[in-house]
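Here are some exercises to work through with the sequence and the model side by side. Try each task before you read its solution.

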Amino acid sequence: MLRNFPLRPLLNGERLQTLTQCTINNTVTPQALSDRCPCKTRPPILAVDDNIFNIVALQTVLEYDFNLQSEKALNGLEALAKVQERAKDVSEYPCICGKEGPDSNFSVIFMDCNMPIMDGFMGTARIKEYLGDEKMKKMVIVALTAYTGEQFKEKCLMSGMNGYLTKPISAGQLRAFLREHTKHVQ
């Protein structure tokens, strides 16, 4: 029986307190604990674009075609802040069900290349600098751009991005990319 266990997602400050209280009272089954794990509230994908319509379109396809949740950022600087926030959240509220490692972050970042404040190239460089090589092995950064030239594709890959997709992106393109580079789509 689950007593004193909220039926809504736990906010950061409530997670540890609630889990500790329920565990001390011996009211949580392993399955219930797994269902309320902090990792369940952390979307695996970050969509970065200065055009909100592009973000909504991408998030809609991810959610309805692949049942994947995502966060959004409007430029590279905001993306870096989201990656930093995620690292802090994982550190303060680690996964207790075993599905997330101690240094987990977003597994995929869809990064627009041309944005104000901080473009995708600089955003990628700053994220890589912040996380370091070892943690970057667990993250895929995908360039999203309207440019179709081979030179621009090379620029994206040379900047440290792992892949390159041109806009508009179809569900088929996303499926193929996610199958090849992640464990999220089979």
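Buried here means under 20% relative accessible area, exposed means over 50%, and partly exposed is in between, with a 1.4 Å probe and protein chains only. This is a predicted model, so local features need pLDDT of at least 70 and side-chain atom pairs count only at pLDDT 80 or more, while totals for chains, interfaces and linings use all residues. Residues are numbered from 1 along each chain as its sequence is written, and side-chain values use heavy atoms, with hydrogens and water left out.

**Exercise 1. Lay out the fold of the protein chain.**

Step 1: count the elements, taking helices (H or I, at least four residues) and strands (E, at least two) as DSSP runs numbered from the N terminus. You should get 7 helices and 5 strands.

Step 2: read off their order. From the N terminus, the chain goes α-α-β-α-β-α-β-α-β-α-β-α.

Step 3: check the burial. Of the chain's 186 residues, 43% count as buried.

Step 4: look at contacts (heavy atoms within 4.5 Å). Among those between residues at least 6 apart in sequence, 64% join residues at least 24 apart.

**Exercise 2. Take strand S4 and work out how its two faces and its partner S3 are arranged.**

Step 1: start from a general point. In a regular strand the side chains alternate between the two faces of the sheet.

Step 2: sort the residues of S4. Val140, Val142 and Leu144 sit on one side, Ile141, Ala143 and Thr145 on the other, and all are buried. That makes 6 of 6 buried residues for S4.

Step 3: find the partner. Two strands pair if DSSP finds at least two bridges between them; S3 and S4 have 5, in the parallel sense. Isoleucine 109 stands opposite isoleucine 141 of S4.

**Exercise 3. Find the largest nonpolar core and say which elements build it.**

Step 1: set the rule. A nonpolar core is a set of buried Ala, Val, Leu, Ile, Met, Phe, Trp, Tyr and Cys residues joined through side-chain atoms within 4.5 Å.

Step 2: pick out the hubs. The largest core has 22 residues, and Ile109, Met111 and Ile127 touch the most other members.

Step 3: list the contributors. At least two residues each come from S1 (45-48), H4 (76-92), S3 (108-112), H5 (120-136), S4 (140-145) and H6 (150-158). H5 has the largest share, at 4 residues.

Step 4: zoom in on methionine 111. Beyond its neighbours within four places in sequence, the contacts of methionine 111 include Val48, Ala79, Ile127, Ile141, Leu144 and Met161.

**Exercise 4. Describe the second largest pocket.**

Step 1: define it. On a 1 Å grid over the protein atoms alone, a pocket is an open set of points where a 1.4 Å probe fits, with protein on both sides within 12 Å along at least five of seven lines, and lining residues have an atom within 4 Å of a point.

Step 2: get the space. Grid points are joined across faces, edges and corners, and a volume is the space filled by probe spheres set on the points. The second largest pocket comes to about 200 Å³.

Step 3: name the lining. There are 14 lining residues, with Asn54, Ala57, Leu58, Pro168 and Ile169 nearest the centre. H3 gives the largest share, 5 residues.

Step 4: class the lining. Ala, Val, Leu, Ile, Met, Phe, Trp, Tyr, Cys and Pro count as nonpolar, Asp, Glu, Lys and Arg as charged, and the others, Gly among them, as polar. The tally is 11 nonpolar, 1 polar and 2 charged.

**Exercise 5. Hunt for unusual backbone geometry in the loops.**

Step 1: recall the background. Most residues other than glycine have a negative phi, and most peptide bonds are trans.

Step 2: find the cis bond. Lysine 167 and proline 168 are joined by one, with omega about -5°. Proline 168 belongs to the loop between S5 (163-166) and H7 (171-181).

Step 3: find the positive phi values. Asparagine 67 has phi near 55° and lies in the loop between H3 and S2 (70-73). Isoleucine 117 has a phi of about 70° and lies in the loop between S3 and H5.

Step 4: check accessibility. Asparagine 67 counts as exposed because its relative accessibility is 63%, and isoleucine 117 counts as exposed because its value is 70%.
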